[in-house]
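Open the model in your viewer and keep the selection box handy. We will go from stop to stop, with a note on what to look for at each.

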Amino acid sequence: NEIAQSEAATGKKFFNYWMHGAFLNIAGGKKMAKSEENFLTLENAIIKNNFNPLSFRYAVLSVHYRKPMEWSSEAMENAEKSYKHLRNQVNDLGFKEGRIDKNFKEKFLEVINNDLNIPRALAIVQELLKSALPNEEKLAAVLDFDKVLGLSLSEAHKKEELPEEIKKLTAAREKAREENNFKESDRLRAEIENRGYIVEDSKEGTRVFRK
């Protein structure tokens with residue numbers, strides 16, 4: 001049905017296969033129902049909570065398609081943090097791509113071809129990023145793997161000049177942090193993130209980049 005309606009609408013080939021995952025339930029194993037007022041929509045689950053849609057994709061990929069997935073705000077917040085962390089890891093690799101490591105490529109393909117074990121594939125991505133391989137080889141491999149994962153990781157390592165208004169907000173936030181004005185710092189962080197950017201504080205300093 002999905003293939004038929006999409007090809008009828010676009011006049012173009014859709015996919016060779018369409019696979020549905022198991023049910024998406026509310027935390028505690030509850031099924032969605034309008035009568036229970038727990039029915040999820042894109043509006044009330046993603047947009048109103050200001051979640052990056054790719055964070056939801058990351059959450060879905062973290063559960064095998066044969067297993068039911070449970071929705072909760074806490075689970076989505078954890079997925080958002082994990083996805084941001086992954087993007088930051090890729091961002092830290094620099095901009096030079098080397099060769100794709102054969103061993104990691106074989107590991108990745110093995111789990112993908114084993115009943116689409118994408119949660120395990122995500123674990124292999126982390127093994128790759130924490131390995132002793134040179135950064136350029138890590139970058140080449142992770143971008144290759146992302147052709148399957150679809151997490152737009154290629155966007156994470158693009159050089160991008162921040163708009164002047166974002167630079168000013170970032171500088172104001174840094175000043176507030178230096179003055180221990182954490183209320184103002186949090187307000188400025190929220191304003192930056194509402195404009196479509198991610199703010200990450202680390203020992204090396206603060207990084208701001210587009211979602």
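Select Ser-55 to begin: with 1% relative accessibility, Ser-55 is buried (under 20% relative accessible area, against over 50% for exposed and in between for partly exposed, using a 1.4 Å probe and protein chains only). This is a predicted model in which local features need pLDDT of at least 70 and side-chain atom pairs count only at pLDDT 80 or more, while totals for chains, interfaces and linings use all residues. Residues are numbered from 1 along each chain as its sequence is written, and side-chain values use heavy atoms, leaving out hydrogens and water.

Ser-55 belongs to helix 3, residues 53-61 (helices are DSSP runs of H or I with at least four residues, strands are E runs of at least two, and both are numbered from the N terminus). Now add Met-76, Ala-79, Glu-80 and Tyr-83, which Ser-55 contacts once its neighbours within four places in sequence are left aside (contact means heavy atoms within 4.5 Å). Between the side chains of Ser-55 and Glu-80 you will find a polar contact of 2.5 Å (a pair of N or O atoms within 3.5 Å, one able to donate a hydrogen and the other to accept it; residues adjacent in sequence count only through side-chain atoms on both sides).

Next, select helix 9, residues 182-194, and color Ser-185, Leu-188, Ile-192 and Glu-193, its buried residues. Looking down the axis, these fall within an arc of 135°, so they line one face of the helix (the arc is taken over directions from the helix axis to the C-beta atoms). Lys-183 and Asn-194 are exposed on the face turned away from that buried side. Just past helix 9, stop at Gly-196, where phi is positive, near 95°.

How many salt bridges does the structure hold? There are 15 (a side-chain nitrogen of Lys or Arg within 4 Å of a carboxyl oxygen of Asp or Glu). Try Arg-195 and Glu-165, whose side chains meet at 2.6 Å, N to O. This pair links distant parts of the chain, 30 residues apart: Arg-195 sits in the loop between helix 9 and strand 3, Glu-165 in helix 8.

For the last stop, select Arg-177 and Asp-201, which form a salt bridge at 3.4 Å, N to O. Arg-177 lies in helix 8 and Asp-201 in strand 3, so the pair ties together parts 24 residues apart in sequence. Extend the selection to Arg-173, Glu-174, Arg-189 and Glu-193, and you have the salt-bridge network that also includes Arg-177 and Asp-201.
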